[in-house]
Amino acid sequence: MLSNLTRYTENRKGKLVSLLNFNKDTLSLEKQHQIYGAISELDYLADMLKNLKDEEIEKENNPGGMFLFKPE
């Protein structure tokens, strides 16, 4: 599920970036600002999803939640 959400957010961000790049001259400043805001929110969401995925992997690799020290 996390991979589907990640893929969706990356896809949506790509579409917004290309919309901004190809139509920058014709878009109003207000619309450009809205697109920049949406891209920023998608970046934040992608970071949250990455953190959740990392936590999920950590739980799979260490189900007891024990922290084991590596001998030196």
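Visitor: Which residues does Tyr36 touch, not counting residues up to four places away in sequence?
Guide: Tyr36 touches Leu20 and Lys24. One thing up front: this is a predicted model. Tyr36 sits in helix 2, and its C-alpha atom is separated by 8.4 Å from that of Leu20, 16 residues apart along the chain.

Visitor: Why is Tyr36 called partly exposed?
Guide: Its relative accessible area is 41%. Buried needs under 20% and exposed needs over 50%, so a value in between gets the label partly exposed. Tyr36 therefore counts as partly exposed.

Visitor: And Leu20, what is Leu20 in contact with, leaving aside its neighbours within four places in sequence?
Guide: Leu27, Gln32, Ile35, Tyr36 and Ile39. Leu20 is also one of the residues of the largest nonpolar core.

Visitor: What makes up that largest nonpolar core?
Guide: Five residues in all: Leu16, Leu20, Ile35, Ile39 and Leu42. The name calls for buried residues of the nonpolar kinds, joined through side-chain atoms within 4.5 Å. Helix 1 (2-23) and helix 2 (29-61) are the elements that give two or more residues to this core, and helix 2 gives the most, with three.

Visitor: Which residues of helix 2 are buried?
Guide: Gln32, Ile35, Ile39, Leu42 and Leu49. These buried residues pack against helix 1. Over the protein chain, buried residues make up 12% of the 72 residues, and the secondary structure comes to two helices and zero strands.

Visitor: What makes Thr9 count as buried?
Guide: Thr9 has 4% relative accessibility, and the cut-off for buried is under 20%. Since 4% falls under that cut-off, Thr9 counts as buried. Thr9 has its place in helix 1. Leaving aside neighbours within four places in sequence, Thr9 is in contact with Leu42, Leu45 and Leu49.

Visitor: Is Leu45 buried, partly exposed or exposed, and what is its relative accessible area?
Guide: Leu45 is partly exposed, at 31%. It lies in helix 2 and belongs to a nonpolar surface patch with Tyr44 and Met48. Together the three have about 290 Å² of accessible area. A patch residue needs over 30% relative accessible area, so the 31% of Leu45 passes that mark.

Visitor: What makes Lys13 and Asp43 a salt bridge?
Guide: Here's the idea: side chains of opposite charge can pair when their charged atoms come close. For Lys13 and Asp43, the closest N and O atoms are 2.7 Å apart. The cut-off is a side-chain nitrogen within 4 Å of a carboxyl oxygen, so this pair qualifies.

Visitor: Which parts does the pair Lys13 and Asp43 tie together?
Guide: Lys13 lies in helix 1 and Asp43 in helix 2, so the pair ties together parts that are 30 residues apart in sequence. Lys13 is partly exposed at 29% relative accessibility, and Asp43 is partly exposed at 31%.

Visitor: How many salt bridges does the count come to?
Guide: Two. Besides Lys13 and Asp43, there is Lys50 with Asp54, with closest N and O atoms 3.0 Å apart. That value also sits within 4 Å, so the name applies here too. Lys50 and Asp54 both lie in helix 2, four residues apart, or about one turn of the helix. Asp54 counts as partly exposed, at 36% relative accessibility.

Visitor: What span is expected for helix 2 at 1.5 Å a residue, and what does it reach?
Guide: Helix 2 has 33 residues and reaches 48 Å from its first C-alpha to its last, close to the 48 Å expected.

Visitor: What makes Met1 exposed?
Guide: Met1 has a relative accessible area of 77%. Exposed means over 50%, so Met1 earns the word. Met1 is found in the segment before helix 1. Its C-alpha atom and that of Lys53 are separated by 9.9 Å, though the two residues are 52 apart along the chain.

Visitor: What supplies 57% of the area the protein chain exposes?
Guide: Carbon and sulfur atoms do, out of about 6400 Å².

Terms used
Residues numbered from 1 in each chain as written. Predicted model: local features only at pLDDT ≥ 70, side-chain atom pairs only at ≥ 80, totals over all residues. Heavy atoms only, no water. Buried < 20%, exposed > 50% of the residue type's maximum accessible area, 1.4 Å probe, protein only. Contact = heavy atoms within 4.5 Å. Patch = residues over 30% accessible without salt bridge, like charges linked within 9 Å, V, L, I, M, F, W, Y side chains within 5 Å. Areas by Shrake-Rupley, 256 points an atom, 1.4 Å probe, with all protein chains shown as cover. Expected span 1.5 Å × (residues − 1).
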